[in-house]
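Work through these short exercises with the model open beside you. Each task is followed by its solution.

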Amino acid sequence: LTNFEITQDELKSLYRGTNGEWMVINGEYLNKSKQDERGITFNHKLIIFDILVFKSDYLIGKTFSDRIVLLDELYGTQDSEKPFLYSISNNVYRVKSYDKGFKNIFDDLTKIDMIEGLVLKRKNAKLEIGNTENNNTKSQLKARKPTKNYKY
């Protein structure tokens with residue numbers, strides 16, 4: 001990416017393992033100059049959604065709930081200035097997961113410019129190997145807010 005503003009040290013601090021082990025986290029780097037709930041640009045931040053590999057173990061068969069518990073253990077649940085995000089470092093956050101009240105959460109969060117929608121995942125859905133675009137599609141649903149690009 002051009003204009004990437006998270007330091008290597010901050011990114012390296014996300015690693016939770018020992019030499020020779022690897023991990024894969026799933027997230028999104030925000031660089032579209034979208035506004036937060038206060039109308040302030042929230043840019044150049046990494047938002048973590050999930051973890052796919054830990055200690056060189058591809059978490060195939062682990063449920064979404066298992067992986068959220070693992071993320072809690074690895075990064076904690078420190079609230080941030082955003083009610084819907086946990087804070088990991090200055091520029092790295094993790095989404096909070098909710099297990100009820102979808103309609104109210106969707107209505108509240110999709111008013112915010114920087115939020116495109118929500119992804120609903122079955123808590124007990126086991127991670128499948130990600131070798132095709134259709135893997136894991138039976139256990140999750142993307143609910144996007146209407147935009148110029150996405151109209152339902």
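Buried means under 20% relative accessible area, exposed means over 50%, and partly exposed lies in between (1.4 Å probe, protein chains only). This is a predicted model, where local features need pLDDT of at least 70, side-chain atom pairs count only at pLDDT 80 or more, and totals for chains, interfaces and linings use all residues. Residues are numbered from 1 along each chain as its sequence is written, and side-chain values use heavy atoms, with hydrogens and water left out.

**Exercise 1.** Place Lys123, class its accessibility and list its contacts.

Step 1. Find the loop between β6 (117-121) and β7 (140-144); Lys123 sits there. Strands are DSSP runs (E, at least two residues), numbered from the N terminus.

Step 2. Lys123 has 48% relative accessibility, so it counts as partly exposed.

Step 3. Look for contacts, meaning heavy atoms within 4.5 Å. Leaving out residues up to four places away in sequence, Lys123 touches Thr63, Phe64, Ser65 and Asp99.

Step 4. Check Asp108, 15 residues from Lys123 along the chain. Their C-alpha atoms are 22 Å apart.

**Exercise 2.** Is His44 buried or exposed, and what is its phi?

Step 1. Locate His44 in the loop between β1 and β2.

Step 2. The relative accessible area of His44 is 10%, so it is buried.

Step 3. Phi of His44 is positive, about 60°, although the residue is not a glycine.

**Exercise 3.** Treat Ser33 in the same way.

Step 1. Ser33 lies in the loop between β1 (24-30) and β2 (45-54).

Step 2. Ser33 is partly exposed because its relative accessibility is 44%.

Step 3. Phi of Ser33 is near 55°, a positive value in a non-glycine residue.

Notes. Helix = DSSP H or I, 4+ residues; strand = E, 2+ residues; numbered from the N terminus.
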